[in-house]
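Visitor: I have a model open and a few backbone and sheet questions. Can you take me through them?

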Amino acid sequence: MYDKTAALRRIDAVIAQGPYTDTWESLTGWQPPKWYRNAKFGIFIHWGVYSVPAFENEWYPRNMYIEGSKAFEHHVKTYGAHKDFGYKDFIPLFRAEKFDPAAWAALFRRAGARYVVPVAEHHDGFQMYKSELSRWNAAEMGLKRDVVGELKAAVEAEGMTLGVSSHRIEHWFFMGHGKDFESDIPQNPDRDDLYWPSMASPENTDDVFGAPGPDEEFLDDWLVRTCELIDRYRPRILYFDWWIQHANAKPYLKKLAAYYYNRAAEWGVEVAIDYKHDAFLFGTAVPDIERGQMADIKPYFWQTDTAIALNSWCYTENNDFRPAADILCDLVDIVSKNGCLLLNVGPKADGTISEEDTAVLTAIGDWLAVNGEAIYDTHVWKTFGEGPTKVQDGHFSDAVKKNFTSADFRFTAKGDKLYAAAMKASESGEYCIRSLRMQAHTAGTVFHGLVERVEVLGTDEAPVWTRDAEGLHIRTDFSAEGPVVFRITLG
């Protein structure tokens, strides 16, 4: 039987034991894990009950209750009236008869991923893991399997690291429109109902200060749920979506971070929290850019999360899949600026991963098998890169086609090796890296050291190279799908 008071006391006891307390001053003592900073590339997984209708995107459980929306009309036409067939009625259809966590993990490892982050609970309130706090979970309903637990075992067997994401806090308002008309959502759902609390939705869900926010009862439940997830699976990353930014959540964020970091210290591991905007105080967790990038190099570690599909995080029948070459350019750009990439896959309801997703992941893995030394365990150089193509700064810009040229380079470094990635193969085979030009000491000059050797990753061919006042000139016949990487030994 759920005892909220006892659960909250246990959380307070862990915080009291230290080394972290629930103050921003204490939490700034946290540092980003070295393993995370070195990993550079991970896989995000959006898979849940919303994968059954597979319509528009993972916001189907919200949009299906908004009268006049495409999802509402689709639902009525396909499944009938909401009072007779609501969102909860998709759960028995979520059978996932082909779900093979070992096959997933093998594919992610084949893609070159170092960490994997399944969505443990999305806005719909259905937990993809075994829970003592709610019967609305995948271990008891639908496929009747502990998805997070099985993925943890499979991912770690492949030598990768498990993280989890929680989108629970948005459940406060997510199903609220179901009260606007006759549906299966009660006006006052019980606390143990899937639809609890279904509060009135803010007109602007990004208004995390003026909008009516989650109350103490809901936030206590959010905290206890999240700590249960931490204790049961010991994830090394805990990712949150945007609404934890709400002013009402701030005290709870400090408690949660202190609890998680103290547990990690107890376990002897390094962990991280991913957040968006300014939900956490800067320096206490890892900032995350949703579907976007940074325009310039940053002195701090950060992450981009984006999806292979431009239109949806979950699988739908009309997904618009991005080419692998575009994603590889993003990966190289992000790593050159002190970031890492968390790339989302949306499996089908039956547990299979689409041919399109698989093809993209395989192509990324092929490139990383050749060029991974320029990505993994690297650090930033004096400048992130050069070239005419500018990257838009901030969230939700991944749909903007960047059109990189062979004059666009991104740099990473490791030991005495500088890696220069030409973001597009040159048709002539000629390249010029201007940041490595040779000239006397003048203002604005980037590099004054020696270039001792130039190699092309992926071929034994020795390129022809010279260096002058214009730059480092390289000539090679080698080409590739995705960036062409030069390994430059410096003296």
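Guide: Terms first: helices (H or I, at least four residues) and strands (E, at least two) are DSSP runs, numbered from the N terminus. This is a predicted model, where local features need pLDDT of at least 70, side-chain atom pairs count only at pLDDT 80 or more, and totals for chains, interfaces and linings use all residues. Residues are numbered from 1 along each chain as its sequence is written, and side-chain values use heavy atoms, with hydrogens and water left out.

Visitor: OK. Where does Pro-19 lie?

Guide: Pro-19 is in the loop between helix H1 (4-17) and helix H2 (24-27). The peptide bond leading into Pro-19 from Gly-18 is cis, with omega near 15°.

Visitor: And what kind of peptide bond joins Trp-196 and Pro-197?

Guide: A cis one, with omega about 0°. Pro-197 sits in the loop between helix H8 (171-174) and helix H9 (216-233).

Visitor: Why flag cis bonds or positive phi in the first place?

Guide: Because most peptide bonds are trans, and most residues other than glycine have a negative phi.

Visitor: Then what is phi at Glu-56?

Guide: Positive, about 65°, although Glu-56 is not a glycine. Its loop runs between strand S1 (41-45) and helix H4 (60-63). Arg-291 also has a positive phi, near 50°, and lies in the loop between strand S7 (286-290) and strand S8 (302-307).

Visitor: Is Arg-291 buried or exposed?

Guide: Buried means under 20% relative accessible area, exposed over 50%, partly exposed in between (1.4 Å probe, protein chains only). Arg-291 counts as buried because its relative accessibility is 6%. Glu-56, at 31%, is therefore partly exposed.

Visitor: Switching topic: how many disulfides?

Guide: Zero, taking a disulfide as a pair of cysteine sulfur atoms within 2.5 Å. For Cys-432, the nearest cysteine sulfur is that of Cys-329, 19 Å away. Cys-432 is buried, with a relative accessible area of 18%. Cys-314 is buried too, at 1%.

Visitor: What is the strand order in the open sheet of three strands?

Guide: S13-S16-S15, with antiparallel pairing; two strands pair if DSSP finds at least two bridges between them. Strand S13 (430-433) and strand S15 (464-467) each have a single partner strand, so one side of each has no neighbour in the sheet.

Visitor: How many bridges between S15 and S16?

Guide: Four, with S16 covering residues 472-475. In one of the pairings, Arg-467 has Leu-472 in S16 as its bridge partner.
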